[in-house]
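Reader: I have a model open on my screen and would like to walk through it with you. Could you help me make sense of what I see?

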Amino acid sequence: MKQVKTILLTGASSGIGLEMAKMLATQNHRLILVSRSNERLEAIAADLAKKTSAEILVHALDLSMPQAAQQLLSYCDAQQFEIDILINNAGFGILEEHVKIAPEKLRQMLQLNVVTVAELCQAFGARMKQRRAGTILNVASTAGFQATPYFAAYGASKAFVLCLSEAIAKELEDAGVRVCCLAPGPTDTAFFDAIKPQQIDEGHYFKKAGRTNVRSVAEAGVALLTHGGTTRVVGLANQIMIFGNRFAPRSVVAAISKRLLKPVNIT
Ligand SMILES: NC(=O)c1ccc[n+]([C@@H]2O[C@H](COP(=O)([O-])OP(=O)(O)OC[C@H]3O[C@@H](n4cnc5c(N)ncnc54)[C@H](OP(=O)(O)O)[C@@H]3O)[C@@H](O)[C@H]2O)c1
């Protein structure tokens, strides 16, 4: 019989995280679902418990708060959970001129997408190294492979996730701990709810019609956990785009990104 794992999954209340939770629950793992919304997590847990025999626990926490990683570690220790798989998926983006972003919003995004991810990798990675077992899956983005004007700090935050993942994958490989990184392109989730619809018309790179189905992104994430590999860019078109970046000067790639990402209402 397949061994049941204890999986800590952040950003499980919606989008890619929710789809991964649904898929992992069918494999009967014990899931600890984390996001800010306790109500949504409880409803998801109740629904998954009805449909599967997985053990589903929820823990509401704002991961953009300093100390959030430590609080999550303390919660898992108090419950005596040994985390076999950590999935750092919670995150959000801001499509805006960098100089116009509200400073508090910028701080929250960087704390969530960068600092908390690094701290959770450190805290749970150390436990996994001690046990000489475990897997960490970090969700980056195709935005992390080049400069992304108007999505600047978000793209940079995902470049951090990508480089952190690939570096600690090497550090931890000899200790039996696997670190991998999923890089989706635009995916049809609530991620885009934060962007004003008038900023992205049908010609924009983020247009609804061009987004990948969330289920296929979650499948790529679960496949990465199951089949191995370090970094996976989701979708052939995204893979070609990222590969093509290597053959152009970085300034040219940044200029192309600017054309693709510039919000419609910005002059
Ligand atoms: N959608 C895309 O086009 C796309 C592309 C590439 C990469 N990604 C990455 O994929 C990941 C998941 O995004 P998604 O597309 O699935 O977006 P989503 O549907 O908006 O889901 C985001 C998840 O993160 C949680 N979250 C947000 N802020 C949080 C906070 N401060 N503390 C704890 N949890 C928080 C949300 O739950 P609560 O609101 O309940 O807290 C939600 O469960 C993100 O890291 C994103 O950067 C997305």
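Reader: Is R36 buried, exposed or partly exposed?

Author: This is a predicted model, and R36 sits in the loop between strand 2 and helix 2 (38-51). A residue needs 20 or more other C-beta atoms within 10 Å to be buried, and 12 or fewer make it exposed. R36 has 15 C-beta neighbours inside 10 Å, so R36 counts as partly exposed.

Reader: Which residues does R36 touch, once those up to four places away in sequence are not counted?

Author: K170 is far from being a candidate: R36 and K170 are 32 Å apart in space, C-alpha to C-alpha. Contact requires C-beta atoms within 7 Å. With residues up to four places away in sequence set aside, R36 touches A60 and D62.

Reader: Thanks! Which helix gives the most to the shell around the ligand?

Author: The ligand is surrounded by 29 residues, and the closest are G11, G15, S35, R36 and G91. By class, this shell has 11 nonpolar, 15 polar and three charged residues. The helix that gives the most, with three residues, is helix 1 (residues 15-26).

Reader: Now the sheet. Which strands stand at its edges?

Author: The sheet is open, with seven strands in the order 3-2-1-4-5-6-7 and parallel pairing. Each edge strand has a single partner strand, so one side of it is left without a neighbour in the sheet; these are strand 3 (56-60) and strand 7 (231-233).

Reader: And what is the bridge partner of T10 in strand 2?

Author: Strands of a sheet pair through backbone hydrogen bonds, either parallel or antiparallel. Here strand 1 (residues 6-10) and strand 2 (residues 30-35) pair in the parallel sense, over five bridges. For T10, the partner in strand 2 is V34.

Reader: At about what angle does helix 5 run to strand 6?

Author: Helix 5 (residues 152-173) lies across strand 5 (134-139), strand 6 (177-183) and strand 7. Its angle to strand 6 is about 160°.

Reader: Which residues is L31 in contact with, leaving aside neighbours within four places in sequence?

Author: L31 belongs to the largest nonpolar core, which has 57 residues. L31 is among those with the most contacts inside this core, along with L8, L9, A21 and L33. Beyond its neighbours within four places in sequence, the contacts of L31 are I7, L9, A21, L24, A25, A54 and I56.

Reader: How many residues are in the other core?

Author: This other core lies apart from the largest one, and L95, A143, Y150 and A152 are among its members. Its residue count is six.

Reader: Q80 and Y150 both have positive phi values. Is Y150 buried or exposed?

Author: Let's take Q80 as a comparison: its phi is near 60°, and it lies in the loop between helix 3 (68-78) and strand 4 (85-88). Q80 has 6 C-beta neighbours inside 10 Å, so it counts as exposed. Y150, with a phi of about 70°, lies in the loop between strand 5 and helix 5. Since Y150 has 20 other C-beta atoms within 10 Å, Y150 is buried.

Reader: One last stop: which residues is I94 in contact with, leaving aside neighbours within four places in sequence?

Author: I94 is found in the loop between strand 4 and helix 4 (103-131). With 19 other C-beta atoms within 10 Å, I94 is partly exposed. Setting aside neighbours within four places in sequence, the contacts of I94 are I101, K105, M109 and Y154.

Methods. Residues numbered from 1 in each chain as written. Predicted model: local features only at pLDDT ≥ 70, side-chain atom pairs only at ≥ 80, totals over all residues. Pairing = 2+ DSSP bridges. Helix = DSSP H or I, 4+ residues; strand = E, 2+ residues; numbered from the N terminus. Contact = placed C-beta atoms within 7 Å. Axes fitted to C-alpha atoms, helices over the stretch in contact; angles between N-to-C directions. Core = buried A, V, L, I, M, F, W, Y, C linked by C-beta atoms within 7 Å. Near = placed C-beta within 6 Å. Nonpolar A, V, L, I, M, F, W, Y, C, P; charged D, E, K, R; others polar.
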